[in-house]
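Me: I would like to go through a structure with you, one site at a time. Please keep the answers brief and precise.

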Amino acid sequence: MKRFSLAGPAAVVIGAMAFAGTMSLAVAQQPRGAERPQPRLSDLMQGAQVAHIKLWYAGKAGNWGLATYETKQLKARLEDAAQLYQSLPVNDVTTMAKPLDAVSAAIAAKDAREFARAYDDLTAGCNSCHRELKLGFVHLRTPASNPFSDQNFAPGKK
Ligand code: HEC
């Protein structure tokens with residue numbers, strides 16, 4: 001089966017420049033051999049939501065390593081959703097590539113202001129697909145408080 005990829009040419013260039021191989025979009029830890037049970041779309045979306053929240057707090061803390069990681073998690077969830085649920089409108093999936101690239105570029109540049117702007121566009125992309133599918137009641141926004149109090153978002157750890 002062809003793997004769905006959200007990586008545009010910009011993402012490839014930025015990935016090569018800044019992350020030297022760490023931006024591979026395939027999820028690394030997949031069990032070998034075993035048939036993976038198909039995740040529910042709502043579970044993938046909840047995973048995307050977790051990554052969306054953590055990405056925000058990583059960027060806010062200037063923890064660019066974690067922000068890179070969460071961007072990758074978010075991409076992987078959306079790619080899996082597109083791959084496994086092919087009834088999702090392709091347009092609404094591919095339009096996510098641009099804001100994701102912009103988020104990655106802001107992270108690579110360690111540019112907090114640009115990160116916040118790109119994050120807004122990313123969130124708008126989530127909502128746009130939800131609206132398109134008559135799921136406008138699932139309305140995402142910039143998180144107002146961090147529910148992950150067991151995780152230290154401060155930068156500095158490698
Ligand atoms: C291509 C379309 C599409 C995009 C893009 C998209 N979603 Fe969704 N989302 C859906 C669909 C379809 C559902 C309903 C899934 C279901 O109930 O089976 C959903 C549901 C959700 C839910 C509700 C899940 C639950 O069980 O509570 C959340 C949260 C969510 N999405 C978060 C996000 C976030 C965050 C983004 C952006 C980073 C995003 N989505 C981008 C299509 C999309």
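Me: To start, is His-52 buried or exposed?
Reply: This is a predicted model. In it, His-52 is buried, because its relative accessible area is 3%, under the 20% limit for that class.

Me: Where does His-52 lie?
Reply: His-52 is part of helix 2, which covers residues 41-61.

Me: And which residues is it in contact with, leaving aside neighbours within four places in sequence?
Reply: With those neighbours left aside, His-52 contacts Leu-74, Tyr-119, Leu-122, Thr-123, Cys-126, Leu-140 and Arg-141.

Me: Let us move to the metal. Which protein atoms are donors of the iron atom of the ligand?
Reply: The protein donors are SD of Met-45 and NE2 of His-130, and they lie 2.0 to 2.3 Å from the iron atom. This pair links distant parts of the chain: Met-45 belongs to helix 2 and His-130 to helix 6, with their positions 85 residues apart in sequence.

Me: Why is the arrangement around the iron atom octahedral?
Reply: There are six donor atoms around the iron atom of the ligand, and they subtend angles of 87 to 180 degrees, so the arrangement is octahedral. For six donors, that class requires opposite donors over 155 degrees apart and all other angles between 65 and 115.

Me: Are the two protein donors buried or exposed?
Reply: Met-45 is partly exposed, as its relative accessible area is 31%. His-130 has 12% relative accessibility and therefore counts as buried.

Me: Changing topic: how many salt bridges does the structure hold?
Reply: The structure holds two salt bridges. In one, Glu-114 pairs with Arg-117, and the closest N and O atoms are 2.8 Å apart. In the other, Asp-121 pairs with Arg-117, with 3.0 Å between the closest N and O atoms. Glu-114, Arg-117 and Asp-121 are thus linked in a network of salt bridges.

Me: How are those residues placed along the chain?
Reply: Glu-114 and Arg-117 both lie in helix 6, three residues apart, which is about one turn of the helix. Asp-121 is also in helix 6, four residues from Arg-117, again about one turn.

Me: What is the accessibility of each member of the network?
Reply: Glu-114 is partly exposed at 27% relative accessible area. Arg-117 is partly exposed at 41%, and Asp-121 is partly exposed at 38%.

Me: Next, the surface. Which residues form a nonpolar patch there?
Reply: Leu-133, Leu-135, Phe-137 and Val-138 form that patch, and together they have about 350 Å² of accessible area.

Me: Where is Phe-137 found, and is it buried or exposed?
Reply: Phe-137 is found in the segment after helix 6, the helix that runs 112-132. Phe-137 counts as exposed because its relative accessibility is 66%, over the 50% limit.

Me: Last one: where is the place of Asn-146, and which residues does it contact beyond four places in sequence?
Reply: Asn-146 is in the segment after helix 6, and its contacts, leaving aside neighbours within four places in sequence, are Tyr-57 and Phe-153. Asn-146 is partly exposed, with 28% relative accessible area.

Me: How many residues separate Asn-146 and Ile-53 in sequence, and what is their C-alpha to C-alpha distance?
Reply: Asn-146 and Ile-53 are 93 residues apart in sequence, while their C-alpha atoms are 7.5 Å apart in space.

Notes: Residues are numbered from 1 along each chain as its sequence is written. This is a predicted model: local features need pLDDT of at least 70, side-chain atom pairs count only at pLDDT 80 or more; totals for chains, interfaces and linings use all residues. Side-chain values use heavy atoms; hydrogens and water are left out. Patches are made of residues with over 30% relative accessible area and no salt bridge: like charges are joined within 9 Å, nonpolar side chains (Val, Leu, Ile, Met, Phe, Trp, Tyr) within 5 Å. Accessible areas come from the Shrake-Rupley method with a 1.4 Å probe; for residues, only the protein chains shown count as cover. A salt bridge is a side-chain nitrogen of Lys or Arg within 4 Å of a carboxyl oxygen of Asp or Glu. Helices (H or I, at least four residues) and strands (E, at least two) are DSSP runs, numbered from the N terminus. Buried means under 20% relative accessible area, exposed over 50%, partly exposed in between (1.4 Å probe, protein chains only). Donors are N, O and S atoms within 2.8 Å of the metal (3.2 Å for Na, K and Ca); water is not among the atoms, so sites may look incomplete. Four donors count as tetrahedral if all angles lie between 85 and 135 degrees; four count as square planar and six as octahedral if opposite donors are over 155 degrees apart and all others between 65 and 115; anything else is irregular. Contact means heavy atoms within 4.5 Å.
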